[in-house]
Amino acid sequence: ENASDAFQKATRFFGPFSMFLLLTMSIFFSSGYLLQGIAEEKQNRVIEVIWASVDPMELLLGKIIGLGAAGLLQVALYAGMLLLPAVTVFALFQVSGAGLILSLVYFILGYLLFAGLMAGTGILGNSPQESGQLSAFWTLLSMVPMFVIAPISEAPNSWLARGLSWFPITAPVTMLLRISTGHIPWVDVGISIVVLLVSIYVAVKGAAKMFRAAALMFGKRPGLGEILRWLREA
């Protein structure tokens with residue numbers, strides 16, 4: 001009986017936690033795919049061909065949707081071949097409907113936020129390698145919840161977990177982790193979603209300004225003062 005209880009407890013944890021890992025990896029793979037595409041187009045000067053007839057915001061949104069969808073499809077194929085069968089056999093049915101819906105919401109919000117941040121960063125570099133180095137800041141900052149995964153898993157409604165849920169860069173990963181480990185107060189869900197929506201708007205709008213100013217710059221990387229000046233411009 002004890003062995004049966006332990007197995008049931010393991011299956012209740014493994015299903016949601018596997019979904020957390022899959023969706024978290026998908027966010028960064030897809031936004032990284034977007035970053036790579038933008039950096040390569042700038043390096044090859046393909047972006048100059050379409051720049052004359054496309055508004056920066058339209059160009060950015062098109063890339064977020066197009067390149068992001070391609071990245072998401074690639075991740076979905078890998079997940080289907082490698083991870084989904086194992087999750088399905090072991091514990092997929094232990095994932096609640098509400099948890100699944102919330103996880104997908106945070107996956108979409110997380111992708112949109114990091115797509116905006118990666119796009120703004122990708123246009124600054126003169127090569128995919130340089131853009132990747134610049135974007136490492138966002139990746140490292142967003143992965144802070146993974147370094148404190150033990151205390152968050154043990155107390156998903158602690159002030160540490162809630163604080164990371166209200167900070168936009170760490171909110172997607174933290175909320176996906178909290179959903180996989182316990183019940184989340186709806187007030188935390190509401191606050192984190194509002195914070196993420198505002199942050200997505202700011203990130204995409206800022207990235208569009210970066211596109212307008214930096215897309216045709218080659219040979220030198222703009223300094224922090226120049227970047228801040230671009231962001232302040234209407």
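The expected span of a helix is taken as 1.5 Å times one less than its number of residues, and helices (H or I, at least four residues) are DSSP runs numbered from the N terminus. By this rule helix H5 (residues 128-142), with 15 residues, reaches 21 Å from its first C-alpha to its last, close to the 21 Å expected at 1.5 Å a residue. H5 nevertheless contains a kink of about 35°, centred on Ser 135, where the bend at a residue is the angle between axes fitted to the seven residues ending there and the seven starting there. Ser 135 is also one of the buried residues of H5, together with Pro 128, Glu 130, Ser 131 and Ser 142; buried means under 20% relative accessible area (1.4 Å probe, protein chains only).

The model is predicted, with local features requiring pLDDT of at least 70 and side-chain atom pairs counted only at pLDDT 80 or more, whereas totals for chains, interfaces and linings use all residues. Residues are numbered from 1 along each chain as its sequence is written, and side-chain values use heavy atoms, with hydrogens and water left out. The pLDDT, the predictor's confidence in each residue on a scale from 0 to 100, averages 77 over the protein, and 71% of the residues score at least 70. Confidence is highest in helix H8 (residues 159-166), at a mean of 94, and lowest in helix H11 (residues 224-232), at 67. Over residues 89-93 the pLDDT is below 50, and this stretch has 8 contacts in the model beyond near neighbours in sequence, a contact being heavy atoms within 4.5 Å.

Salt bridges (a side-chain nitrogen of Lys or Arg within 4 Å of a carboxyl oxygen of Asp or Glu) number 2. In one, the closest N and O atoms of Asp 188 and Arg 162 are 2.8 Å apart. Asp 188 lies in helix H10 (residues 186-214) and Arg 162 in H8, so this pair ties together parts that are 26 residues apart in sequence. Asp 188 also pairs with Arg 178, at 2.9 Å between the closest N and O atoms. Because Arg 178 lies in helix H9 (residues 171-181) and Asp 188 in H10, the parts tied together here are 10 residues apart in sequence. Arg 162, Arg 178 and Asp 188 are thus linked in a network of salt bridges. Asp 188 and Arg 162 are buried, as is Arg 178.

The largest nonpolar core (buried Ala, Val, Leu, Ile, Met, Phe, Trp, Tyr and Cys residues joined through side-chain atoms within 4.5 Å) has 41 residues, and Leu 60, Ile 64, Tyr 106 and Phe 211 have the most contacts inside it. Two or more residues each come from helix H1 (2-43), helix H3 (56-90), helix H4 (97-122), H8, H9 and H10. H4 gives the largest share, 10 residues.

Methods
Buried < 20%, exposed > 50% of the residue type's maximum accessible area, 1.4 Å probe, protein only.
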